Amino acid sequence: SKSVVWFRRDLRAFDHAALHHALRDATQYGGSVVCVFVFDTGILEGLPRDERRVRFIHASLRELDAELRKLGGGLMVRHGAAVDEIPRLAAELDARSVYVNEDYEPDAIARDAAVAALLEAGGRSLLRFKDQVIFEKNEVLTLAGGIYGVFTPYKNAWLKRLAAQPEAAAPWMIEPHAGALAPVPEVALPRLAQLGFDDGPLPAPPGMAGASELFEHFLPRLADYGTARDFPALDATSRLSIHLRFGTTSVRHLVRTLRQMMANGAGGAGAPVWLSELIWREFYAMILFHHPHIAQQSFKPAFDAVAWEAGEPAQALFAAWCEGRTGYPLVDAAMVQLNTTGFMHNRLRMVTASFLVKDLGIDWRWGERYFARQLNDYDLASNVGGWQWAASTGCDAQPWFRIFNPVTQSQKFDRQGEFIKQYLPQLAKLEARDIHAPWLVPADELAACGIVLGRDYPEPIIDHAQARQRTLERFTVVKGG
Ligand code: FAD
């Protein structure tokens, strides 16, 4: 008999829970396993032709297919609505089961429930496995059995649980059972053009090979991560977020490597800090699973009463933010980085999000949607978590009265203006001390650097001190909330 492994955000052929279980079961019961990916029209429709993430997925699938072929299998690729394609394929193959790795986003949960119902109607079943995270759902709870809403105690409980149960990070082996892979006829992968997308540069080295390359590059930098990670001009973070998003690496593999290094006294002060970031990712996934309403509403309901700016003036401010025309160089450089590369450094995600919400008074949901369209590593749980943190509406968020000053953030985290100059070359001639607030520089000095404000670079669209005052008033509706 046959079974199916449906790949979604787990595009790898090693340490893969669903694939492991399907192969092991098939080996035991004498069956074979068909691997499939669906280009889901429900997701692809509405994406622009030059969508970077589709190119990344496409390149990663080519590698996945090749790796599965080396193991004796291959990847079938379908193009259509996944809710139709998967039950249809299972029926064609007369497969008893479809194996998937669990996805915790509300839309994915609804899709999987629909697929499961259709499969069950045909006497088949959808089998779900934990793979994306080390601990999911109710695995890390408070002593009283409750759900954590604050990160640090969650992190401590997470670490304690892993220490007690290190096998939670053990790999789900593929090779020993690979004999059960069903061979797939050649050339299954449609071209990008056939899917309605343009070829073009990749946003990151794709696939499992790309993830290993980045991890190898990062490990020698790990020791300095704790101190260097806040400076966007430095090459100090892993850039693995897109790989964690699409599963071209395994979080268990990363955590095992890290724990081994820490046990050997390697990795320095940076190792536990980086591990903490991986735990933030699991924290937000857990929070979204238990509170799916946060995709649309404030985590803390009192904050739904905040009145955001609206109408045309707000639209105009929002457009300036999106396009990097706010007149605040660090904010603008960050938005140019996002728009041109699909990546933005974590410190700058905090700075730009805070600027949108607390300087421009715009609803965090507008920013969240914009990041969703642009970010290569876009992940609903982490994005909503990050936005609600910055907007002070989330769990364990920045207190609402704490408001980043975009100029001092710039002076602190891009002191020499190196990052700004990389993305705003029109400011390249400015002295480091002047680059953070060009409107304070006398016009003749600007002119000597070839800059006329309003022509070569915008005047600031808002006065930070006044905006700060308005924000404090705006948030008084939730005082004490
Ligand atoms: P590293 O510093 O090398 O960290 C390693 C990994 O840990 C990351 O790849 C990521 O998977 C995880 N991680 C790090 N920081 C966080 C965090 N604060 N929350 C959750 N996970 C984290 N991350 C996303 O993956 N997708 C998003 O859509 C996303 N949106 C964000 C929106 C805002 C407003 C903010 C403030 C943060 C957001 N983040 C998001 C978190 C973080 O900015 C990125 O994960 C990080 O910048 C990715 O770069 P890196 O891989 O070099 O990270």
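## Burial, ligand shell and domains in a predicted model

Gln374 is partly exposed, because 18 other C-beta atoms lie within 10 Å; a residue counts as buried with 20 or more such atoms within 10 Å of its own C-beta atom, as exposed with 12 or fewer, and as partly exposed in between, with C-beta atoms placed from the backbone. The structure is a predicted model, in which local features need pLDDT of at least 70 and side-chain atom pairs count only at pLDDT 80 or more, while totals for chains, interfaces and linings use all residues. Residues are numbered from 1 along each chain as its sequence is written.

Gln374 belongs to helix H16 (residues 364-374), where helices (H or I, at least four residues) and strands (E, at least two) are DSSP runs numbered from the N terminus. Leaving aside residues up to four places away in sequence, Gln374 touches Leu338, Asn339 and Gly342, contact being a C-beta separation within 7 Å. Between the C-alpha atoms of Gln374 and His291, which are 83 residues apart along the chain, the separation is 25 Å.

### Domains

The chain is divided into domain 1 (2-131), domain 2 (133-170 + 209-290) and domain 3 (301-476), with bounds from an automatic or database domain assignment. Taken over C-alpha atoms, the centres of domain 1 and domain 3 are 39 Å apart. Contact between these two domains involves five residues of domain 1 and four residues of domain 3, and the side of domain 1 that touches domain 3 consists of two nonpolar, no polar and three charged residues. An unreviewed UniProt entry carries the annotation "domain: Photolyase/cryptochrome alpha/beta" for residues 1-134, and such annotations may be inferred rather than shown by experiment. The span 1-134 is 48% helix and 23% strand, and its end C-alpha atoms lie 31 Å apart.

### Ligand shell and cores

The ligand is surrounded by 28 residues, of which Thr237, Ser238, Ser241, Asn383 and Gly386 are the closest; the criterion is a C-beta atom within 6 Å. By class, this shell holds 12 nonpolar, eight polar and eight charged residues, with Asp, Glu, Lys and Arg as charged, Ala, Val, Leu, Ile, Met, Phe, Trp, Tyr, Cys and Pro as nonpolar, and the others as polar. At least two shell residues come from each of helix H10 (241-246), helix H12 (270-290), helix H15 (346-359) and helix H17 (380-391), and H17 gives the most, with six residues. Domain 2 and domain 3 each contribute at least three residues to the shell.

The largest nonpolar core, a set of buried Ala, Val, Leu, Ile, Met, Phe, Trp, Tyr and Cys residues joined through C-beta atoms within 7 Å, has 68 residues, and Leu288, Ala334, Val351 and Ile420 touch the most other members. H12 gives the most to this core, with nine residues. Because domain 2 and domain 3 both give residues to this core, it lies between them. A second, separate core has 46 residues, among them Ala13, Leu19, Ala22 and Phe246.

### Further local sites

Lys70 is in helix H3 (residues 52-70), and its C-alpha atom is 9.8 Å from that of Ala178, although the two are 108 residues apart in sequence. Asp94, in the loop between helix H4 (82-93) and strand S4 (97-101), is not a glycine, yet has a positive phi of about 50°. Arg239, in the loop between helix H9 (225-228) and H10, likewise is not a glycine and has a positive phi of about 60°.

| Residue | C-beta neighbours | Class |
|---|---|---|
| Lys70 | 11 inside 10 Å | exposed |
| Asp94 | 11 within 10 Å | exposed |
| Arg239 | 19 within 10 Å | partly exposed |
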